[in-house]
Amino acid sequence: MSYKDQIDTSRLPQHIAIIMDGNGRWAKKQGKNRVFGHTEGVKSVRRITEACAKLGVPYLTLYAFSTENWGRPPAEVTALMELLVHSLRKEIKSLNDQNIRLNTIGDMNALPPKCVRELNDGMNLTQNNQRLTLSLALSYSSRWEITNAVKQIAEEVKQGKIEPAQINEQLISGYLSTHNLPDPELLIRTSGEQRISNYLLWQIAYTELYFTEKYWPEFNEEELYRAIVEYQNRDRRFGKL
Ligand code: IPE
Ligand code: IPE
Ligand code: MG
């Protein structure tokens, strides 16, 4: 039986988050440069986004560029930003046709203006779409996000808009860039690395973690279904019995 046939569609994860890792190593294995790996990685983004929409998963959040990734060689950073602009231009109509809403999390101010324009156009075009919310984490890191939230809350307290006693988990969640998304039930990381790399630290408190050896450009629909089947076989206790 294929993995897809084993999925119980009445118990799908509502939010899948993915750390798309291994583009560079995948390219090196083929004797190509790292940027070739990123370009191939975009094809996986398309495949996995469409597969989630078809299955009926309503939220997908992809780690595309971390705050720490700014520290890579400038040529790779520039190539990644160009690829983002190019891919958005190419894919946005198809996303819209599939009733997919584009969203971003991260420090948009840090991105080149060209990327911000393209992202804003895409978000405006797709803002009323209902089937799947595709969030791209760009210039994102969890510590950046939490620091930002703490600053905003402190400012509101200072202005007398919030009493310190009112600060609870729900309020904090409301100041994160994921405020309009449910917490992920499933986090997938490709490429064999078993770490979180500053992704959604607050939001994954009770998320199921799934690690695969596959590099991101080779991650396909069947691999996604396999991860969902494993998720559905886990016993989620949330600290209870
Ligand atoms: C993931 O692939 C994409 C980004 C982080 C932008 P990598 O570029 O990290 O590829 P590896 O991990 O070096 O193979
Ligand atoms: C995490 O991958 C960030 C993204 C996938 C965008 P990295 O390749 O940057 O993470 P490390 O360096 O292996 O932790
Ligand atoms: Mg990597």
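These are my notebook entries on two ligands and the residues around them, looked up in a predicted model.

**Entry 1: who surrounds ligand 1**

I began with ligand 1 and listed its neighbours. I found 13 residues around ligand 1, and the closest are Asp21, Gly24, Arg25, Arg34 and Arg72. Sorted by class, this shell holds five charged, five polar and three nonpolar residues.

**Entry 2: polar contacts of ligand 1**

Next I looked at the oxygen atoms of ligand 1. The side chain of Asp21 has an N or O atom 2.8 Å from one of the ligand's oxygen atoms. Two backbones also take part: a backbone N or O atom of Asn23 is 3.2 Å from an oxygen atom of ligand 1, and for Gly22 the corresponding distance is 3.4 Å. I then checked how covered the ligand is. On its own, ligand 1 exposes 380 Å², and the protein buries 88% of that.

**Entry 3: where ligand 1 sits**

I asked myself which pocket ligand 1 takes up. The space it fills is the largest pocket. Three elements give two or more residues each to the shell: α2 (23-29), α3 (34-55) and α4 (74-97). Of these, α2 supplies the largest share, with three residues.

**Entry 4: a side trip to Asp21**

Asp21 had caught my eye at ligand 1, and I wanted to know what else its side chain meets. Asp21 forms a salt bridge with Arg189, at 2.8 Å from N to O. Why is this pair worth a note? Arg189 belongs to strand β5 (residues 186-189), while Asp21 is in the loop between β1 (15-19) and α2, so the bridge ties together parts that are 168 residues apart in sequence. As a reminder to myself, side chains of opposite charge can pair when their charged atoms come close. My count for the whole model came to 17 salt bridges.

**Entry 5: who surrounds ligand 2**

Then I turned to ligand 2. Both Asp21 and Arg189 turn up again here, among the residues that surround ligand 2. The others are Ile19, Met20, Tyr63, Ala64, Phe65, Ser66, Asn69, Arg72, Arg195 and Ser197. By class I noted five nonpolar, four charged and three polar residues. Which strand gives the largest share of this shell? My answer is β2 (residues 59-66), with four residues.

**Entry 6: polar contacts and cover of ligand 2**

I looked up three side chains by their distances to oxygen atoms of ligand 2. A polar side-chain atom of Ser197 lies 2.6 Å from one. For Arg195, an N or O atom of the side chain is 2.8 Å away. Arg72 brings a polar side-chain atom to 3.3 Å. Alone, ligand 2 has 390 Å² of accessible area, and the protein covers 78% of it.

**Entry 7: where ligand 2 sits**

For my last look-up I checked the place of ligand 2. Ligand 2 sits in the largest pocket, and the space taken by ligand 1 is the largest pocket too. Arg72 is one of the closest residues to ligand 1, and Arg72 also belongs to the surroundings of ligand 2.

Note on methods
Residues numbered from 1 in each chain as written. Chains lettered and ligands numbered in written order. Predicted model: local features only at pLDDT ≥ 70, side-chain atom pairs only at ≥ 80, totals over all residues. Heavy atoms only, no water. Near = heavy atom within 4 Å. Polar contact = N/O pair within 3.5 Å; in protein donor to acceptor, adjacent residues only side chain to side chain. Areas by Shrake-Rupley, 256 points an atom, 1.4 Å probe, with all protein chains shown as cover. 1 Å grid on protein atoms, 1.4 Å probe; cavity = no way out; pocket = protein on both sides within 12 Å on 5 of 7 lines; lining within 4 Å. Sits in = over half its atoms within 2 Å of the grid points. Nonpolar A, V, L, I, M, F, W, Y, C, P; charged D, E, K, R; others polar. Salt bridge = Lys/Arg side-chain N within 4 Å of Asp/Glu carboxyl O.
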